[in-house]
Amino acid sequence: MIRVVLPAHLRTLARVDGEVKLHVEGLPTPRAVLDALEAGYPMLRGTIRDQVSHQRRAFVRFFACGQDLSHEPPDTPLPAAVATGAEPFLVVGAMAGG
Amino acid sequence: MSQVRVLVGTRKGAFVLTSDGRRDRWDVSGPHFGGWEIYHVKASPADPDRLYASQSSGWFGQVIQRSSDGGKTWEAVGNKFVYDGVTGTHQWYDGTPHPWEFARVWHLEPSPADPDTVYAGVEDAALFRSTDGGQTWQELPGLRTHPSGSSWQPGAGGMCLHTILLDPSHPGRIFIAISAAGVFRTDDAGLTWRPANRGLKSDGIPDPAAEVGHCVHRIAMHRSRPGVLFMQKHWDVMRSDDAGESWREVSGNLPTDFGFPIDVHAHEPETIYVVPIKSDSEHYPPDGKLRVYRSRTGGNEWQALTSGLPQRDCYVNVLRDAMAVDSLDPGGVYFGTTGGQVYASADGGDHWAPIVQHLPAVVSVEAQTLP
């Protein structure tokens, strides 16, 4: 089970409280996690990554285990602690705009 | 007794203001979608409880919300706006070619006949349509691929398609306006388009009378007389009596002819409203006085409407989509400011009072008259 923490505005949009728990087939990667997230919560499509190119939106970041994974290729395996559910995968709205 | 519902989009959420036909006491609901920019909220004329809202964010992009109960509850619908075919380029601010990039939906225009059909005017300028209640969107690419498209340049706020007028008496005829390309008209439901800017003069472009390139801020029509159009241009208030084939200036005695919104009284097709703004580099009213100007002659002769509006130290702006009228008798007029006030007049503009005074900056105002 993968744990995903969404920023407040996306939790509101998806109508969830707290973490989202996802089942991801195979080796969890950012792409696989986002695919599962968008399948379960279609209203999030386009809010984290472009719907066609799948490019991450400029002011969204991906953190896990104290690392910034935003610039990793989307098929890079996530840390083992994320794969086991010990640590969450964080979708973060970048601090910007004052 | 009739009711009025005023739909307000702001920089930080949407608000729904409701009153009975007297329009002196208001209930305020909101913020809906708090923290998001709400560029526009508009109801379907075919089903007054069907609302559409454009919700956007610099972080999380575009969301379209739909309500089926007059704004009490909402559901996110489709937000996939993909240009049809080869995207092409328009001119960037520095004159270089720039690929069309979707940024946001500025304006939603529901069909008068079908609650599930709605048009969306977007930045970078293009027209989209949904026929399934906003679940999916298809571009009408004939506009963006007009031969002049590669020469279009953004206005200061972006290259937005901000006005959509559906002609009620000519099926297939649609007028749209783009900053800073100008007005375009289709007579075949969006397949082909042609510029409708003859008579406009804009000193800020190389050829002041060019076929395209004008910074049109807003156009308006009265449903009973769709061949007559009114325009607030960057500078100049204009009028067309031939469905956009030609325009003439009707700024008349306005203290300044710069401004953003323009609207037409619901029962008097020759009664129009503007809010003069000092200049394009000073986006506030002249002399610190917030004045709506009304013409009862379709332009040229204007009367300042000041009763109930601040007449000193007022430096707010009124944006292009932030004025609306209701269809009660006497007709109501509404507008919202960048200072967060929404003003209402229940007597055609003679007297004004604020409905709310401390909202986030108001981007759009629409009024619904309900049975």
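# Exercises on a predicted two-chain model

In chain B, the strands β26-β27-β28-β29 form, in that order, an open sheet of 4 strands with antiparallel pairing. The edge strands are β26 (323-325) and β29 (353-356) of chain B, each of which pairs on one side only. On average, neighbouring strands of this sheet are turned by 25° against each other, direction ignored. The model is predicted.

**Exercise 1.** Find how many bridges join β26(B) to β27(B), and name the bridge partner of B:V325.

*Solution.*
Step 1. Locate the second strand: β27 of chain B covers residues 333-336.
Step 2. Count the bridges: β26(B) and β27(B) run antiparallel and are joined by 3 bridges.
Step 3. Read off the pair: B:V325 has B:V333 in β27(B) as its bridge partner.
As background, strands of a sheet pair through backbone hydrogen bonds, either parallel or antiparallel.

**Exercise 2.** Decide whether strand β6 of chain B is enclosed or open to the outside, and describe its pairing with β5(B) and β7(B).

*Solution.*
Step 1. Apply the cut-off: a residue is buried if 20 or more other C-beta atoms lie within 10 Å of its own.
Step 2. Strand β6 (residues 61-67) of chain B is largely enclosed by the rest of the structure, because 7 of its 7 residues are buried.
Step 3. Turn to β5 (residues 47-57) of chain B: this strand pairs with β6(B) in the antiparallel sense over 7 bridges. The two strands form a hairpin with 3 residues between them. Within the pairing, B:A53 stands opposite B:Q65.
Step 4. Turn to β7 (residues 75-76) of chain B: its pairing with β6(B) is also antiparallel, over 2 bridges. Here B:R66 has B:E75 as its bridge partner.

**Exercise 3.** Is B:M238 buried or exposed? List what B:M238 touches.

*Solution.*
Step 1. Place the residue: B:M238 belongs to strand β20 (residues 237-240) of chain B.
Step 2. Count its surroundings: B:M238 has 26 other C-beta atoms within 10 Å, so this residue is buried.
Step 3. Leave out residues up to four places away in sequence; B:M238 then touches B:L200, B:M231, B:K233, B:W247, B:R248, B:E249 and B:V250.
Step 4. Compare sequence with space: B:G299 is 61 residues from B:M238 in sequence, yet the two are 8.1 Å apart, C-alpha to C-alpha.

**Exercise 4.** Which residues touch the most other members of the largest nonpolar core? Follow B:V8 from there to its contacts.

*Solution.*
Step 1. The largest nonpolar core has 128 residues, and those touching the most other members are B:V6, B:V8, B:I176, B:I219, B:Y334, B:V342 and B:V365.
Step 2. Beyond four places in sequence, the contacts of B:V8 include B:V342, B:V362 and B:V365.
Step 3. Look at the strands: β1 (residues 3-10) of chain B pairs with β30(B) in the antiparallel sense over 8 bridges. B:T10 stands opposite B:V362 in β30(B).
Step 4. Check the cover: in β30 (residues 362-370) of chain B, 7 of the 9 residues are buried, so the strand is mostly covered.
As background, in soluble globular proteins nonpolar side chains tend to be buried together.

**Exercise 5.** Describe the side of chain A that touches chain B.

*Solution.*
Step 1. The contact takes 14 residues from chain A and 13 residues from chain B.
Step 2. On the side of chain A, helix α1 (residues 8-14) gives the most, with 3 residues.
Step 3. By class, this side has 6 nonpolar, 6 polar and 2 charged residues.
Step 4. Check the confidence: chain A averages a pLDDT of 95, and 97% of its residues score at least 70.

Definitions and conventions. Residues numbered from 1 in each chain as written. Chains lettered and ligands numbered in written order. Predicted model: local features only at pLDDT ≥ 70, side-chain atom pairs only at ≥ 80, totals over all residues. Core = buried A, V, L, I, M, F, W, Y, C linked by C-beta atoms within 7 Å. Buried ≥ 20, exposed ≤ 12 C-beta atoms within 10 Å, placed from the backbone. Contact = placed C-beta atoms within 7 Å. Pairing = 2+ DSSP bridges. Axes fitted to C-alpha atoms, helices over the stretch in contact; angles between N-to-C directions. Nonpolar A, V, L, I, M, F, W, Y, C, P; charged D, E, K, R; others polar. pLDDT = per-residue confidence, 0-100.
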